Amino acid sequence: MINYRLCSGPRDSLRRTDEKKQMLNNNKTYISKLKNNVGEEVTLNGWLYNSRASGKIQFLIIRDGTGLCQCIAEKGKVSEQLFDELKHLGQESSLMVTGVVRADERSLGGFELTVTDAQIISVTTDYPITPKSHGIDFLLKNRHLHLRSQRQWCIGKIRHTVIDAIRRFFNDNGFTLIDTPIFTAMAAEGEQTLFEADYFGTPMHLTQTGQLHLEAAAMSFGRVYCFGPTFRAEKSKTRRHLTEFWMVEPEVAFIELDGLLELAENFVSFIAAQVLQNNRGELETLDADIAALEKIKPPFYRLSYTEAVDILTGQKTKDFLDKQLEQVKTEKKQIETKISELEHKSASGGLKQWQKDKIAAELIELRSELAEVNTKIENNPKHAKLAAEFQWGKDLGGSDETIISQMHDKPVFVTHYPKQAKAFYMKTDRDNEKVVLNFDLLAPAGFGEIIGGSVREDDYDLLLERIKEQGLNIENYNWYLDLRKYGSVPHGGFGLGVERTVAWLTGEPHIRQCIAFPRLMDKVYI
Ligand code: 4AD
Ligand code: MG
């Protein structure tokens, strides 16, 4: 046994450190709870997000996983040694800070801490991600660290609310959760996007959707949903595609198309309302369009595919795109002016280092905005041509969806697509055999499809015909056909993509930012 009394020096100081930590931990709280402690001395455990010194005062921005808080350390009010240590503390060092809580409307999060003491836990030097902007490739390579950024944090909190709202909505509305398999032999959404898996010598793949299995469960439980990761070997590098994404899928027995649309609009409105209720601060930080989200209430717009094609090929779209081009050109001029002003300012000298850093960060941001605007200017005539020449019968392309969605201030349902463009399981419209009873829900402001759904073909012979037409191996679909043999009923459902929904709600243009560890066609970073 070690006799501690015999140990001197470092061990003693370690013990003192532990005692101090213990002492500091006694009044530990979280930044999100500071409103309960105004005027009191509390301790925050966190990381140094950013800091700035101004003579005898240091402004330390601390993050603790629940928010950000400015902590002010003043010379003379903390020990000389601590003041010096804090001054040289690198970004993302971990520490415990004790101080008195002060309410201040102007302050980040509404509260500040006047530092009385601190305990540095781990000193970080040369943290690779600075508050300046970095290229996206660098940030994705450093995703394990970039998750700590304010933007990723806000998106992560909103994603959490979206997922909570999804479960709550279905659980509170009589749906039973069914977990569908990830290994499957079925190809519900086309054989081009299957990820192969070798299942002990039997060819299998990773599921594209839980829907087919869920249909079986709907015949037992009536109203069901599944929620999990789904996989598509999408050979597209667009801002809307991941190879692994999360999808929630409800399936309902005894429902027709109108009932499905109603369910979808109530569901999406509930999600938007929950985000508005729980994440207003995050939405503000992300500069999301809160006023637009407040409009997300039923009923949504309804268009048939044929009406959508008429809009795309008509004068309205042409005028809309012309006007948009003019607006983007004006935006380009404004960005260019700002860039040259900042370049001028930065060259003029006499600036402090933090001011230079701030300008450099703004310039990186503005240049990336300029690149985006240039892409829009380049794409405008291409998209106009695609829309004008759109042929009835094709599936709507990404740019067509964008146009329709930009023309609406609320989500819009597009229904009754041509049979040839859609999946085999969709029910043929008995009043018009050329189309199916399906819908896509397009989110507004150009975000495009967030939901795809349909009534399912419930006639055995018609379904068999469609499976054969697709050249699918009938053996794998016999159990699915059985559902039409034994008590077939009208039924249907839909799938909502979590990342696309989060992208729309947060105003984040690329869905890769809406999942912690994205899987992209060209790269899996970490
Ligand atoms: O339209 P999809 O392909 O529909 C289905 O999978 C149906 N089986 C759902 C059902 O009826 N139960 O996909 C549904 C949604 C899309 O609207 C989109 O939000 C999302 O899933 N999604 C993707 N999200 C990210 N990356 C991809 N590659 C996606 N593919 C589809
Ligand atoms: Mg779809």
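Accessible areas here come from the Shrake-Rupley method with a 1.4 Å probe. On that basis, the protein chain of this predicted model exposes about 26600 Å², and carbon and sulfur atoms supply 51% of this area. Buried residues account for 47% of the 526 residues in the chain. The fold contains 16 helices and 19 strands, and its C-alpha trace extends over about 85 × 70 × 45 Å along the principal axes. Among contacts with a separation of 6 or more, 69% are made by residues 24 or more positions apart.

Charged side chains offer a good way into the architecture. The chain carries 67 positive and 74 negative charges, and the mean positions of these two sets lie 7 Å apart. In total, 27 salt bridges are found. One of them joins Arg159 to Glu499, with the closest N and O atoms 3.0 Å apart. This pair ties together distant parts of the chain, since Arg159 belongs to helix 5 (residues 150-172) and Glu499 to helix 16 (residues 498-506), with their positions 340 residues apart. Both partners, Arg159 and Glu499, are buried.

A salt bridge within a single helix is provided by Lys358 and Glu362, whose side chains meet at 3.9 Å, N to O. The two residues are 4 residues apart in helix 12 (residues 353-388), and therefore Lys358 and Glu362 are separated by about one helical turn. Glu362 has a relative accessibility of 31%, so this residue counts as partly exposed.

The side chains of Arg430 and Glu457 also meet in a salt bridge, here at 2.8 Å from N to O. Both of these residues sit in loops: Arg430 lies between strand 15 (428-429) and strand 16 (432-436), while Glu457 lies between strand 18 (448-455) and helix 14 (460-469), and the pair, 27 residues apart, links distant parts of the chain. The two ends of this bridge fall into separate accessibility classes. Arg430 is partly exposed, because its relative accessible area is 40%, whereas Glu457, with a relative accessible area of 1%, is buried. Salt bridges also join into a network, which links Arg102, Asp104, Arg106 and Glu112.

Attention can now turn to individual side chains in the interior. Leu321 is placed in helix 11 (residues 315-347). With a relative accessible area of 4%, Leu321 falls under the 20% limit and is therefore buried. Leaving aside residues up to four places away in sequence, Leu321 touches Asn380, His383, Ala384 and Ile403. For one of these neighbours, Asn380, the C-alpha atom is separated from that of Leu321 by 6.9 Å, although the two residues are 59 residues apart along the chain.

Arg466, in helix 14, gives an example of a buried charged residue, as its relative accessibility is 6%. Beyond residues up to four places away in sequence, the contacts of Arg466 are with Lys419, Lys422, Ala423 and Phe424.

On the surface, Phe183, Tyr199 and Phe200 come together as a nonpolar patch, with about 370 Å² of accessible area together. Tyr199 is part of strand 9 (residues 195-199). The relative accessible area of Tyr199 is 32%, so this residue is partly exposed.

Several loops carry backbone features worth a closer look. Pro298 and Pro299 are joined by a cis peptide bond, with omega at about -5 degrees. Pro299 is found in the loop that runs between helix 9 (290-294) and strand 13 (301-304). In the loop between helix 8 (280-285) and helix 9, Asp287 has a positive phi, near 60 degrees, in a residue other than glycine. Asp287 has a relative accessible area of 70% and is therefore exposed. A positive phi also appears at His416, where the value is near 55 degrees and the residue is again other than glycine. His416 occupies the loop between strand 14 (412-415) and strand 15. With a relative accessible area of 23%, His416 is partly exposed.

Definitions and conventions:
Residues are numbered from 1 along each chain as its sequence is written. Chains are lettered from A and ligands numbered from 1 in the order in which they are written. This is a predicted model: local features need pLDDT of at least 70, side-chain atom pairs count only at pLDDT 80 or more; totals for chains, interfaces and linings use all residues. Side-chain values use heavy atoms; hydrogens and water are left out. Buried means under 20% relative accessible area, exposed over 50%, partly exposed in between (1.4 Å probe, protein chains only). Contact means heavy atoms within 4.5 Å. Lys and Arg count as positive and Asp and Glu as negative; His and the chain ends are not counted. The place of a charge is taken as NZ of Lys, CZ of Arg, CG of Asp or CD of Glu. A salt bridge is a side-chain nitrogen of Lys or Arg within 4 Å of a carboxyl oxygen of Asp or Glu. Patches are made of residues with over 30% relative accessible area and no salt bridge: like charges are joined within 9 Å, nonpolar side chains (Val, Leu, Ile, Met, Phe, Trp, Tyr) within 5 Å.
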